[in-house]
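Here are my notes on one sheet and the helices beside it. Please read them with the structure open.

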Amino acid sequence: MITYTKVIDPNDIDLKFIQDAADVIRSGGLVAFPTETVYGLGANALDPKAVSKIFEAKRRPLDDPLIVHINDAADLEKLTKDIPEKAYELARVFWPGPLTLILSKKDIVPDITTCGLDTVAIRMPSGSIARELIKISGVPIAAPSANLFGRPSSTNAHHVKNDLEGYIDMILDGGKTLIGVESTVIEMVDSKAVILRPGGIDIEEIRKVIKDVKVFSEQEVLQNSPGKYPQHYSPKAKVIISRESASQKKTTLELAGKFKAKGLNVGIMAKSGRQKEYAGYNVKEMGSENDLKEIAANLFHILREFDTDGVQLIIAEAVKEPGLGLAIMNRLRKAAG
Ligand code: TXA
Ligand code: MG
């Protein structure tokens, strides 16, 4: 299959390209598109055959359910039932934006979209291209991250092309995504609120809206959620984390020295300003430790860059975990497996 790429300026959208992409979605094809978090690989969420193509293109196992993207809050009620008041409150505060709500599904949502679960994940993205695409398609769009299963999520169109060219119909290239880590996933069934995946919206922000929210540990997520795999977001290289502490630089250097001595090509994912201290190594700076937004935005790109460089072992410097730090460390721990 030929994969067509259309370059679109997210601040000055050429609707002709969105129209083409919407035609693909309506006729059961696959379109990769930017959201504010990462690129999604979209299909008509209500068309089982179209959705099955997502799993094939990504080589995604059939027990890992998809997020359904909507453009209008009214669509929430078309797709889900028994919506708790707290879910409406979260939607009012954080939509459009990087928050995914898991709710009881209505029959209109096909089983393949939710992998047979009686719940469905719904999100209203804020990215302008995503919004226009959903609006003009006129259908909810099922979209996991647009990467091969297990690989780091795509934060630009090159990443999508590397993983999926020839397997999907179209890529809308809207440049680099803003946030760089995926949405926060929160389950809202049986009057309980449980965070299954930390992401673009901080847990501290969610707690300001609903006090009673449980955060599953990474272990609890593995035990309680469908399609959860301990290793994910992985580059080809092995990833090791250098713990966050006052002596982090020393630890990083010791680890790097140890693996270099074993003959491995070592890369270091470092906080800004440390390049000099790690002279002699392939160092990529993630961003300032005081700017977690910058680190989140660069995270997946750097993991992929090390693969391009042929690095065999990546030492990633841990960050502190309040705010976006939790989402960053969740992704790094999964990359480390
Ligand atoms: O930011 C994002 O969320 C991106 C963009 C494209 O919107 N999407 C994304 O999708 O990250 P994906 O498929 O890579 O991750 C969706 C996560 C998976 O971990 C999946 O297991 C979980 O949401 N999920 C989906 N439906 C679920 C359900 N009904 N119950 C529990 N977990 C669910
Ligand atoms: Mg994903």
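Which residue in S15 does Lys 271 stand opposite? The points below take this up; note that the model is predicted.

1. Lys 271 stands opposite Gly 287 in S15. The strands involved in the wider pairing are S14 (residues 266-271) and S15, which run in the parallel sense over 5 bridges.

2. The sheet is open and has 4 strands. Its order is S13-S16-S14-S15, and the pairing is parallel. S13 (238-242) and S15 (282-287) are the edge strands. Each has a single partner strand, so one side of each lacks a neighbour in the sheet. From one strand to the next, the twist averages 25 degrees.

3. Two helices pack against this sheet. H11 lies across S13, S14, S15 and S16 (313-317). Relative to S15, H11 runs at about 155 degrees. H12 touches S13, S14 and S16. The direction of H12 makes about 135 degrees with that of S13.

4. The helices also pack on each other. H11 (residues 292-308) and H12 (residues 325-336) meet at an angle of about 20 degrees, and their axes are 9 Å apart. An angle under 35 degrees counts as roughly parallel, so H11 is roughly parallel to H12. Their crossing is left-handed.

5. What does each helix bring to the contact? From H11 come Leu 292, Ile 295, Ala 296, Leu 299, Phe 300 and Leu 303. They meet Gly 325, Ile 328, Arg 331, Leu 332 and Ala 335 in H12. By class, the contact holds 9 nonpolar, 1 polar and 1 charged residues.

Key. Residues numbered from 1 in each chain as written. Chains lettered and ligands numbered in written order. Predicted model: local features only at pLDDT ≥ 70, side-chain atom pairs only at ≥ 80, totals over all residues. Heavy atoms only, no water. Axes fitted to C-alpha atoms, helices over the stretch in contact; angles between N-to-C directions. Parallel < 35°, antiparallel > 145°, perpendicular 65-115°, else oblique. Left-handed = near helix turned anticlockwise from the far one by under 90°. Contact = heavy atoms within 4.5 Å. Nonpolar A, V, L, I, M, F, W, Y, C, P; charged D, E, K, R; others polar. Pairing = 2+ DSSP bridges.
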